[in-house]
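Open the structure in your viewer and switch to a cartoon display. Keep the sequence panel visible, as each stop on this tour asks you to select something.

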Amino acid sequence: MRKQILFFLMLVSCVYVQAQSIEQHIRQQRAGAGNVVLNISESVYHAMTSDNTVVEEDKTEKSLDDQLKELEAFKNAQKSKVMGYRVQLYGGSNSRQSKLEAQKANDTAKRLFPEYPVYTHFESPRWVCKIGNFTDRNEANEVWKRAKENGFRQALVVRDQILIAK
């Protein structure tokens, strides 16, 4: 009976210590590893840490809701086609495997770049996944850099016919 109680107390203490260290573990920077950004509300943060630390929100970037509203407005706006730039994230062959990989790149791109439209289609003779409607090559280059950093090794800036809202 004592062993069971001792085991139970050790288990509870391990769970308590683990819960406290999750945030610290995530925030810890390690060489060669990516950065994790925690987007949580202040009330959730207080519930997690149960201290009086004040979290200041970053007001410099647009919120995801604002970005999605802009994307929705773009979808509903009247558009015209002009020559511009897109970032090609994937270019494969005409195989079924390439189609699946292009769709996987599409899903990843929508998650990583929600502020840009994603285009996945068959351009004879291959499947491609592209993002954005850039009139400026410098803006396309910035997104290309972000794509490379996020694991799209094949990413490149391509000249393409793009859609712009009138």
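The tour goes from the whole chain to the sheet, then to a helix and to a group of charged side chains.

**Stop 1: the whole chain**

Bear in mind that this is a predicted model. Select everything and colour by secondary structure: the chain has 5 helices and 4 strands. Starting at the N terminus, the order of elements is α-α-α-β-α-β-β-α-β. Now switch on the surface. The chain exposes about 12,600 Å², and carbon and sulfur atoms supply 52% of that area. Of the 166 residues, 25% count as buried.

How many of the contacts between residues at least 6 apart in sequence join residues at least 24 apart? The share is 69%.

**Stop 2: the sheet**

Hide the helices and keep the strands. In which order do the 4 strands lie in the sheet? The order is 2-3-1-4, the sheet is open, and the pairing is antiparallel. Select residues 118-123 for strand 2 and 156-165 for strand 4; these are the edge strands, and each pairs on one side only. Turn the view to look along the sheet: neighbouring strands are turned by 40 degrees against each other on average, direction ignored.

Strands of a sheet pair through backbone hydrogen bonds, either parallel or antiparallel. The next three selections go through the pairs.

- Select strand 2 and strand 3 (residues 126-134). They form a hairpin with 2 residues between them, and they pair in the antiparallel sense over 6 bridges. Two places to look at are Val118, which stands opposite Ile131 in strand 3, and Thr120, whose bridge partner in strand 3 is Cys129.
- Select strand 3 and strand 1 (79-91). This pair is antiparallel, with 5 bridges. Find Gly91 here; Val128 in strand 3 stands opposite.
- Select strand 1 and strand 4. Their antiparallel pairing runs over 10 bridges. Val82 is one residue to pick, with Ile162 of strand 4 opposite.

While the strands are on screen, show their side chains too. In a regular strand the side chains alternate between the two faces of the sheet.

**Stop 3: helix 4**

Bring back residues 96-112, which make up helix 4. Which strands does this helix lie across? Helix 4 lies across strand 1, strand 2 and strand 3, and runs at about 25 degrees to strand 3.

Within helix 4, select Ser98. Is Ser98 buried or exposed? Ser98 counts as buried, because its relative accessibility is 6% and the cut-off for buried is under 20%. Show the side chain of Ser93 as well: a polar contact of 2.9 Å joins the side chains of Ser98 and Ser93. To see the surroundings, add Tyr90, Gly92 and Trp127. Leaving aside neighbours within four places in sequence, Ser98 is in contact with these three and with Ser93.

**Stop 4: the charged network**

There are 5 salt bridges in the count for this model. Select Arg86, Glu123, Lys130 and Asp160 together and show them as sticks; these residues are linked in a network of salt bridges.

Take the links one by one.

- Glu123 and Lys130 form a salt bridge, with the closest N and O atoms 2.8 Å apart. Glu123 is partly exposed, at a relative accessible area of 23%, whereas Lys130 counts as buried at 4% relative accessibility.
- Lys130 also forms a salt bridge with Asp160, where the closest N and O atoms are 2.8 Å apart. Lys130 lies in strand 3 and Asp160 in strand 4, so this pair ties together parts that are 30 residues apart in sequence.
- Arg86 and Asp160 meet through their side chains in a salt bridge of 3.6 Å, N to O. This pair links distant parts of the chain, since Arg86 is in strand 1 and Asp160 in strand 4, 74 residues apart.

Colour these residues by accessibility to finish the stop. Arg86 counts as buried at 6% relative accessibility, and Asp160 is buried too, with a relative accessible area of 15%.

**Last view**

Show the whole cartoon again with the four charged side chains left as sticks. The open sheet in the order 2-3-1-4 can now be viewed together with helix 4, which lies across strand 1, strand 2 and strand 3.

Technical notes
Residues are numbered from 1 along each chain as its sequence is written. This is a predicted model: local features need pLDDT of at least 70, side-chain atom pairs count only at pLDDT 80 or more; totals for chains, interfaces and linings use all residues. Side-chain values use heavy atoms; hydrogens and water are left out. Two strands pair if DSSP finds at least two bridges between them. Axes are lines fitted to C-alpha atoms, for helices over the stretch in contact, and angles run from 0 to 180 degrees between N-to-C directions. Contact means heavy atoms within 4.5 Å. Buried means under 20% relative accessible area, exposed over 50%, partly exposed in between (1.4 Å probe, protein chains only). A polar contact is a pair of N or O atoms within 3.5 Å; within protein, one must be able to donate a hydrogen and the other to accept it, and residues adjacent in sequence count only if both atoms are side-chain atoms. Accessible areas come from the Shrake-Rupley method with a 1.4 Å probe; for residues, only the protein chains shown count as cover.
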